[in-house]
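Here are some numbered remarks for a colleague who is opening this entry without having seen it before. They are meant to be read alongside the sequence and the coordinates.

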Amino acid sequence: MATIESSSSLQSIDAIISINDTMALATINALKANGKSVPNDISVAGYDDMFFSIISAVPITTIKQDIPEVCGRAVEVLFKKTPVPPVLITSNPMVGKLSTS
């Protein structure tokens, strides 16, 4: 995981996309500790649409996973012996909140 060394290392960054909402929350906290405003200075987005993404100080823009769909597709591949697709494509809508501009 990259660290935020100083506020000067953030000058050319417009946005940070985190691997999940937990990391997005940690990123927002680190940015705030370095005097940056989310989303005014830097936009932050996560992935998962976790429950705390709406109750954090800055509600996190996130990508919502459709867990039932992913699980259903996995069950099809495992039990129905359907060919495994090279890429599993699911519909994952973005849930816009206040952490992006």
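1. A residue is called buried when its relative accessible area is under 20%, exposed when that value is over 50%, and partly exposed in between. By that rule Val38, with a relative accessible area of 9%, is buried. Please keep in mind throughout that this is a predicted model, and that the remarks below describe the model as it stands.

2. On the overall layout, the protein has two helices and four strands, and these follow one another along the sequence in the pattern β-α-β-β-α-β. Of the 101 residues in the protein, 26% are buried.

3. The strand pairing is worth tracing with S2 as the starting point. Strand S1 (residues 15-17) pairs with S2 in the parallel sense over three bridges, and within this pairing Ile16 stands opposite Val44 in S2. To get from S1 to S2 the chain passes through H1, and the resulting β-α-β crossover is right-handed. S2 also pairs with S3, again in the parallel sense and over three bridges, with Ala45 standing opposite Thr61 in S3. S2 is mostly covered, since four of its five residues are buried.

4. Which residues make up the largest nonpolar core? There are nine of them, namely Ala24, Ile28, Leu31, Val38, Ile42, Val44, Phe52, Val58 and Ile60. Helix H1 (residues 21-33) contributes the largest share of this core, with three residues. As a matter of background, nonpolar side chains in soluble globular proteins tend to be buried together. Val44 thus appears twice in these remarks, as a member of the core and as the residue of S2 that faces Ile16.

5. Val38 deserves a separate look, as several features come together there. Val38 lies in the loop between H1 and S2, and it belongs to the core listed above. A cis peptide bond, with omega of about 10°, joins Val38 to Pro39, and Pro39 is found in the loop between H1 and S2 as well. Most peptide bonds are trans, so a reader may wish to look at this one directly. The C-alpha atom of Val38 is also separated by 7.3 Å from that of Thr100, although the two residues are 62 residues apart along the chain.

6. The loop between S2 and S3 holds two residues with backbone angles that call for attention. Asp48, which has its place in this loop, has a phi near 130°, a positive value in a residue other than glycine. Asp49, which lies in the loop between S2 and S3 too, has a positive phi of about 55° although it is not a glycine. Most residues other than glycine have a negative phi. Asp48 counts as partly exposed at 24% relative accessibility, and Asp49 counts as partly exposed at 22%.

7. How many salt bridges does the structure hold? There are two, and one of them involves Asp49, which pairs with Lys64 at 3.7 Å between the closest N and O atoms. Lys64 lies in the loop between strand S3 (61-63) and helix H2 (67-79), while Asp49 lies in the loop between strand S2 (43-47) and S3, so this pair ties together parts that are 15 residues apart in sequence. Lys64 is partly exposed, with a relative accessible area of 39%.

8. Another salt bridge is formed where the side chains of Arg73 and Glu69 meet, at 3.5 Å from N to O. Arg73 and Glu69 are four residues apart in helix H2, so they are separated by about one helical turn. Both partners are partly exposed, Arg73 with a relative accessible area of 27% and Glu69 at 25% relative accessibility.

9. Are the nonpolar side chains of Met50, Phe51, Ile54 and Ile55 found in the core or on the surface? These four residues form a nonpolar patch on the surface, with about 450 Å² of accessible area together. Phe51 is found in the loop between S2 and S3, and at 62% relative accessibility it counts as exposed because the cut-off for that class is over 50%.

Methods. Residues numbered from 1 in each chain as written. Predicted model: local features only at pLDDT ≥ 70, side-chain atom pairs only at ≥ 80, totals over all residues. Heavy atoms only, no water. Core = buried A, V, L, I, M, F, W, Y, C linked by side-chain atoms within 4.5 Å. Buried < 20%, exposed > 50% of the residue type's maximum accessible area, 1.4 Å probe, protein only. Pairing = 2+ DSSP bridges. Right-handed = clockwise from strand over helix to strand, strands pointing away. Patch = residues over 30% accessible without salt bridge, like charges linked within 9 Å, V, L, I, M, F, W, Y side chains within 5 Å. Areas by Shrake-Rupley, 256 points an atom, 1.4 Å probe, with all protein chains shown as cover.
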